[in-house]
Amino acid sequence: MPELPEVEVTRRRLERELVGKRFTQVVLRASKLRFPIPVELTTILPGRIVRSIERRGKYLLFDCECGWLLVHLGMTGFLQLLRGKPLPGKHDHLDFVFGDGHLLRFHDPRKFGIVTWFTGEPRQHPLLAGIGPEPLSGAFDGEYLFDSVRGRKVAIKQLIMNSAVVAGVGNIYANESLFRARIRPGRPAGTLALNECSELAAAIRYVLEKSIGEGSTYRVAEEAVAYYPQSFMVYGRGGEPCRLCQNPLDEIRLGGRSTVFCRRCQE
Ligand SMILES: [Zn+2]
């Protein structure tokens, strides 16, 4: 599933290629993904220019002069940046054609993605208004996190995966940041001290920035999307030796999600 780094890497790639480019055509081959795709995109967008491409949480926000195109990749969605008009394959639900010959194609086998249109301030859209601070912004730090955990009995891992607390921290980076901060994922959030919250906030920022710098696990390519395996510290490594102490890593389910940690290194 695309997480924040994947979406940010996609955003930067599309920003380089598409800002300043003019839509010439929108082709819909599906009527709905998670929600109906607005048919008016086919008439509103041709002739408009992409002014900027921003990100809020895991949403991509395309400023299209007269409104905003909001795109969420869902569970299995990705955006392919192509040239010309190659024939669509199965699950290629939507094409945005640009005057310079680029074609942006939305592919999504499970159709949990979102493509919608909004003419107001995009961060006030009902899907986005309740999202917490961006983890890479100055608004997210140890003190903010300490305020958020106070009195909470929920496991710290589930708390940091709640997008109302902090935007876009999914399962991979929750596992990795808790290992880096040496905090057990199942600890009740309210037991964290301020210094632990500061360690954790810094660890979240570190693992996300590192993944973005490495191109994340997932990239938009010219003709295909490739997954690049990364060397994670704990994610996907249950039963394997801890990279710090060689103790076999524990794997449990927490909130229905695979959770891997080291009982020696994390308290
Ligand atoms: Zn260890």
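The paragraphs below go through two sheets, the helices that pack against them or each other, a hairpin, and a few single residues of a predicted model.

Begin with the sheet that contains strand E2. Its four strands are arranged in the order E2-E3-E4-E8, the sheet is open, and the pairing is antiparallel. At the edges are strand E2, residues 52-56, and strand E8, residues 114-118, each of which pairs on one side only. From one strand to the next the twist averages 20°. Strand E3 covers residues 59-63 and is joined to E2 by five bridges, with the two strands running antiparallel. To find this pairing in the model, look for Ile53, which stands opposite Phe62 in E3. Helix H1, made of residues 4-18, packs on this sheet and touches E2 and E3. The direction of H1 makes about 170° with that of E2. In a regular strand, side chains alternate between the two faces of the sheet.

The next sheet is built from strands in the order E1-E6-E7-E5. It is open, has four strands, and its pairing is antiparallel. Here the edge strands are E1, residues 23-28, and E5, residues 78-83, and each pairs on one side only. The twist from one strand to the next averages 20°. E5 pairs with strand E7, residues 102-107, over six bridges in the antiparallel sense. Within that pairing, Leu82 has Leu103 in E7 as its bridge partner. H1 packs on this sheet too, touching E5, E7 and strand E6, which spans residues 92-98. With the direction of E5, that of H1 makes about 25°. Helix H1 therefore has to be followed in relation to both sheets: it touches E2 and E3 in one, and E5, E6 and E7 in the other, by the contact cut-off of 7 Å between C-beta atoms.

H1 also meets a helix. The axes of H1 and H6 come within 9 Å and cross at roughly 40°. Why are H1 and H6 called oblique to each other? An angle under 35 degrees would count as roughly parallel, and 65 to 115 as roughly perpendicular; the crossing at roughly 40° fits neither range, so the two helices are oblique. The crossing of H1 and H6 is right-handed. On the H1 side the contact is made by Leu4, Pro5, Glu8 and Val9, and on the H6 side by Leu208, Ser211 and Ile212. Sorted by class, this contact has five nonpolar residues, one polar and one charged.

Helix H6 packs with H5 as well. Their axes are 8 Å apart, and the angle between H5 and H6 is about 125°. H5 and H6 are therefore oblique to each other, and H5 passes H6 in a right-handed crossing. The residues of H5 that take part are Tyr173, Glu176, Ser177 and Arg180, which meet Leu200, Ala203, Ile204, Tyr206, Val207 and Leu208 in H6. The contact of H5 with H6 has seven nonpolar, one polar and two charged residues. Leu208 is listed in the contact with H1 and also in the contact with H5.

Ser198 is another residue of helix H6. It counts as partly exposed because 17 other C-beta atoms lie within 10 Å, a number between the limits of 12 or fewer for exposed and 20 or more for buried. Ser198 and Phe98 are 100 residues apart in sequence, and their C-alpha atoms are 45 Å apart in space.

Two loops hold residues with an unusual backbone angle. Most residues other than glycine have a negative phi. Arg182 is not a glycine, yet has a positive phi of about 60°. Arg182 is placed in the loop between helix H5, residues 171-180, and helix H6, residues 194-213. With 17 C-beta neighbours inside 10 Å, Arg182 is partly exposed. Gln246, also not a glycine, has a positive phi of about 75°. Gln246 is in the loop between strand E10, residues 225-227, and strand E11, residues 250-254. Gln246 is exposed, since 10 other C-beta atoms lie within 10 Å.

The last stop is the hairpin that E11 forms with E12, with two residues between the strands. Strand E12, residues 257-261, runs antiparallel to E11 and is joined to E11 by five bridges. Ile252 stands opposite Thr259 in E12. In the turn, Gly255 has a positive phi of about 55°.

Key. Residues are numbered from 1 along each chain as its sequence is written. This is a predicted model: local features need pLDDT of at least 70, side-chain atom pairs count only at pLDDT 80 or more; totals for chains, interfaces and linings use all residues. Two strands pair if DSSP finds at least two bridges between them. Axes are lines fitted to C-alpha atoms, for helices over the stretch in contact, and angles run from 0 to 180 degrees between N-to-C directions. Two residues are in contact if their C-beta atoms, placed from the backbone, lie within 7 Å. Angles under 35 degrees count as roughly parallel, over 145 as roughly antiparallel, 65 to 115 as roughly perpendicular and the rest as oblique. A crossing is left-handed if the near helix is turned anticlockwise from the far one by less than a right angle, and right-handed if clockwise. Ala, Val, Leu, Ile, Met, Phe, Trp, Tyr, Cys and Pro count as nonpolar, Asp, Glu, Lys and Arg as charged, and the others, Gly among them, as polar.
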